[in-house]
Amino acid sequence: MKKNKFLCVVLTFAVAFTMVFASAGAVFAAETSTGTDTISAVNVNAPGDEIDLAALRYNASTPDSVKIKTPKAGTIALRITPTANTYVKFYDANGQQIYGYGSSVEASTSETDYKYAYFPVTAAGTYTVQMTSASGEAGAYLDAFYYPVGGTPKKGTDFYGSSPDGKVAYYKVTASGNGYITVDIPYGYNDPATYQVKLFSSSKKALFKKGYESVGSSKDYKTRIGVGKGTYYVGVKTSDPYYAINLKFTAVKEKSGSTKAKAVKITKGTTKKGIITASQSTSSGDWYKFTLSKAQKVSIDVSTLTSQGGGSGGLKVSIWSGSKSYSFGSAEFNYYVPDDTLSPYTYGMGGKLQAGTYYIKVQKYNDGNGYYKIKWH
């Protein structure tokens, strides 16, 4: 997957003045469209909001600065059109410098050739941007917006967020019943990048017991998490200054047995679908059964969409015979091995299963979870 390395949201300028560059030796002072010394950062997920704009004039020895006010923590993104190569510094209210990405920007070739610098902030407040040129007189237009730390994305819609200084960002999603949540991270600052993903309950209790699942280029920036009905939070941590997250819940109708004694019959040629949720125990599972009236070859097609659940897990499919208290064959499935065809047999039967009743159990392994479908023929 090719990930975007530039901002995918277009914001509209509301310019109320014309930029004028000061001559050498002048005392510089930023001008803003609000007429104050402060401009407000706009939520990148609300592109219709009015944009504050500042004009800065500076040289190599005399900086110019403007204050940026943000209502929430997140990553502050500065969009700049400098007339010369420019150094950008960012300070908190106590004068402490905050280091970020893109603090040295090249000159713009036109008024729409935007350059970007990104700085993480862990609290709402007012911050200061200071600019100096690499050499000579320079000027720049500047506006600011922020990538919030979490939120409530609309289903199937890209939502931009951030995890400043490793802070966990929580994204709310609701499941109407049994099914799976597709977590897709289609855009980010870096390519490749790695995102740490974990499922939490409505009270933000961790449902992945062993940690976070790493989601990156090797997984096409996607994972699917099995859930029951309820409200959840998908937690994300990353060193990337910003990213887009897309959450989608898919309902799955399921009819399975919760124990071997309650196994649901699966007839030849039919497909059964089900969900193993992140909150299930490793010993529980979904049970099915089929009966052979004579010895024959059996194939079981298995297809899965899984999450590793914070470990190296996935789903396990095992075959049980009659009243035996243990399986005589099993296979494990995960993101890297999502499907296969199983061919169970009993020894001395020439690749066939002997007549009798057999059971199929689908369960998690190593805290894995997700969606499956099985079919025997």
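Colleague: Which is aspartate 367, buried or exposed?
Modeller: The general idea is relative accessible area, for which a 1.4 Å probe is used on protein chains only: buried means under 20%, exposed means over 50%, and partly exposed is in between. Aspartate 367 has a relative accessible area of 14%, and therefore it is buried. Please keep in mind that this is a predicted model, in which local features need pLDDT of at least 70 and side-chain atom pairs count only at pLDDT 80 or more, while totals for chains, interfaces and linings use all residues. Residues are numbered from 1 along each chain as its sequence is written, and side-chain values use heavy atoms, with hydrogens and water left out.

Colleague: With which residue does aspartate 367 form a salt bridge?
Modeller: Side chains of opposite charge can pair when their charged atoms come close. Here the term salt bridge requires a side-chain nitrogen of Lys or Arg within 4 Å of a carboxyl oxygen of Asp or Glu. The partner of aspartate 367 is lysine 210, and the closest N and O atoms of the two are 4.0 Å apart. This pair links distant parts of the chain, 157 residues apart: lysine 210 sits in the loop between strands S15 (195–200) and S16 (213–215), and aspartate 367 in the loop between S27 and strand S28 (369–376). Strands (E, at least two residues), like helices (H or I, at least four), are DSSP runs numbered from the N terminus. Lysine 210 counts as exposed, because its relative accessibility is 54%.

Colleague: How many salt bridges does the structure hold?
Modeller: There are 5 salt bridges in the structure. One of them joins glutamate 31 to arginine 57, with 3.4 Å between the closest N and O atoms. Glutamate 31 belongs to strand S1 (residues 31–32) and arginine 57 to strand S4 (residues 54–58), so this pair ties together parts that are 26 residues apart in sequence. Glutamate 31 is partly exposed at 30% relative accessibility, whereas arginine 57, at 15%, counts as buried. Glutamate 213 and lysine 219 also meet through their side chains in a salt bridge, at 2.8 Å from N to O, and both of these residues are buried.

Colleague: What surrounds lysine 364, which is buried yet has no salt bridge?
Modeller: When we look for opposite charges, Lys and Arg count as positive and Asp and Glu as negative, while His and the chain ends are not counted. For lysine 364, the nearest side chain of opposite charge is aspartate 367, at 4.6 Å. Lysine 364 lies in strand S27 (residues 356–365). Next we can look for polar contacts, which are pairs of N or O atoms within 3.5 Å; within protein, one atom must be able to donate a hydrogen and the other to accept it, and residues adjacent in sequence count only if both atoms are side-chain atoms. The side chain of lysine 364 reaches the backbone oxygen of alanine 278 at 3.0 Å and the backbone oxygen of threonine 277 at 3.4 Å. If neighbours within four places in sequence are set aside, the residues in contact (heavy atoms within 4.5 Å) with lysine 364 include Ile276, Ser279, Gly314 and Leu315.

Colleague: In what order do the strands of an open sheet stand, as in the one with 4 strands?
Modeller: Strands of a sheet pair through backbone hydrogen bonds, either parallel or antiparallel. Two strands are taken to pair if DSSP finds at least two bridges between them. The 4 strands of this open sheet follow the order S12-S19-S14-S17, with antiparallel pairing. Strands S12 (159–161) and S17 (222–227) are at the edges, and each pairs on one side only. S12 pairs with strand S19 (residues 243–251) over 3 bridges, and tyrosine 160 has alanine 244 in S19 as its bridge partner.

Colleague: Which residues have a positive phi, and where is there a cis peptide bond?
Modeller: Most residues other than glycine have a negative phi, and most peptide bonds are trans. Aspartate 220 is not a glycine, yet its phi is positive, at about 60 degrees. Tyrosine 221, likewise not a glycine, also has a positive phi of about 60 degrees. Aspartate 220 is placed in the loop between S16 and S17, and so is tyrosine 221. Aspartate 220 counts as partly exposed at 30% relative accessibility, while tyrosine 221, with a relative accessible area of 1%, is buried. The cis peptide bond joins aspartate 191 and proline 192, with omega at about 5 degrees.
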